[in-house]
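This text walks through one protein structure, from its overall layout to a single residue inside it. Keep the sequence and the model side by side while reading.

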Amino acid sequence: MQWPLEHAQVIGEYDAPAKQWLPGHRGLDLRARPQDAIIAPADGVVAFSGKVAGKSVVTLRHGAETGSLTSTFEPAVTTRPVGAVIAKGERFARVEGGSEHCADGCLHWGLKSGGRDYADPSGRVRSMRVELKPL
């Protein structure tokens with residue numbers, strides 16, 4: 001996966017709750033300005049675009065190559081219809097509207113695996129070095 005904003009800067013870290021129903025921060029807050037382009041972190045399909053509790057939300061459902069993940073973006077709007085196929089790296093939405101995640105302007109990126117369990121998006125985009133050790 002790739003970051004959903006150019007020059008992404010994390011200003012709010014993922015903080016999983018001990019149980020799904022408990023409070024927590026189920027995603028990352030990335031510094032953003034109104035009208036910043038949102039970039040598809042992986043190939044996907046627009047699954048939802050509209051208001052949730054008065055906030056503008058866009059959801060992308062990713063395929064099997066990402067382990068059937070769903071990305072949620074808030075505040076976000078798109079002109080693409082539900083069902084539109086989006087390619088990784090494509091600008092498909094923009095930051096627009098208010099968010100309770102930060103007063104100064106941000107994009108909240110949530111990531112769900114298996115449909116319901118939230119995951120830390122940073123683990124999918126941060127580079128890691130893999131090294132084999134001799135036996």
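Among contacts in the protein between residues at least 6 apart in sequence, what percentage join residues at least 24 apart? The share is 61%. This figure, like the others here, is computed from a predicted model.

The protein contains 11 strands and 1 helix. Followed along the sequence, the strands come one after another and the helix ends the pattern: β-β-β-β-β-β-β-β-β-β-β-α. The protein has 135 residues, of which 41% count as buried. Its exposed area is about 7,900 Å², with 51% supplied by carbon and sulfur atoms.

Turn next to the interior. The largest nonpolar core has 20 residues, and those touching the most other members are Leu5, Ile38, Leu60, Phe73, Ile86, Phe92 and Leu107. At least two residues of this core come from each of strand E2 (28–31), strand E5 (55–62), strand E9 (91–95) and strand E10 (106–113). E9 gives the largest share, 3 residues. Ile38 shows how such a core residue is surrounded: leaving aside residues up to four places away in sequence, its contacts include Leu5, Phe73, Phe92 and Leu107, and also Pro4, Glu90 and Arg91.

A polar residue is worth a look as well. Ser71 lies in strand E6, which spans residues 69–74. Ser71 counts as buried because its relative accessibility is 0%, under the 20% cut-off. The side chain of Ser71 makes a polar contact of 2.8 Å with that of His62 and another of 3.1 Å with that of Trp109. Beyond four places in sequence, Ser71 also touches other residues, among them Met1, Pro41, Val58, Leu60 and Leu111.

Terms used
Residues are numbered from 1 along each chain as its sequence is written. This is a predicted model: local features need pLDDT of at least 70, side-chain atom pairs count only at pLDDT 80 or more; totals for chains, interfaces and linings use all residues. Side-chain values use heavy atoms; hydrogens and water are left out. Helices (H or I, at least four residues) and strands (E, at least two) are DSSP runs, numbered from the N terminus. Buried means under 20% relative accessible area, exposed over 50%, partly exposed in between (1.4 Å probe, protein chains only). Contact means heavy atoms within 4.5 Å. Accessible areas come from the Shrake-Rupley method with a 1.4 Å probe; for residues, only the protein chains shown count as cover. A nonpolar core is a set of buried Ala, Val, Leu, Ile, Met, Phe, Trp, Tyr and Cys residues joined through side-chain atoms within 4.5 Å. A polar contact is a pair of N or O atoms within 3.5 Å; within protein, one must be able to donate a hydrogen and the other to accept it, and residues adjacent in sequence count only if both atoms are side-chain atoms.
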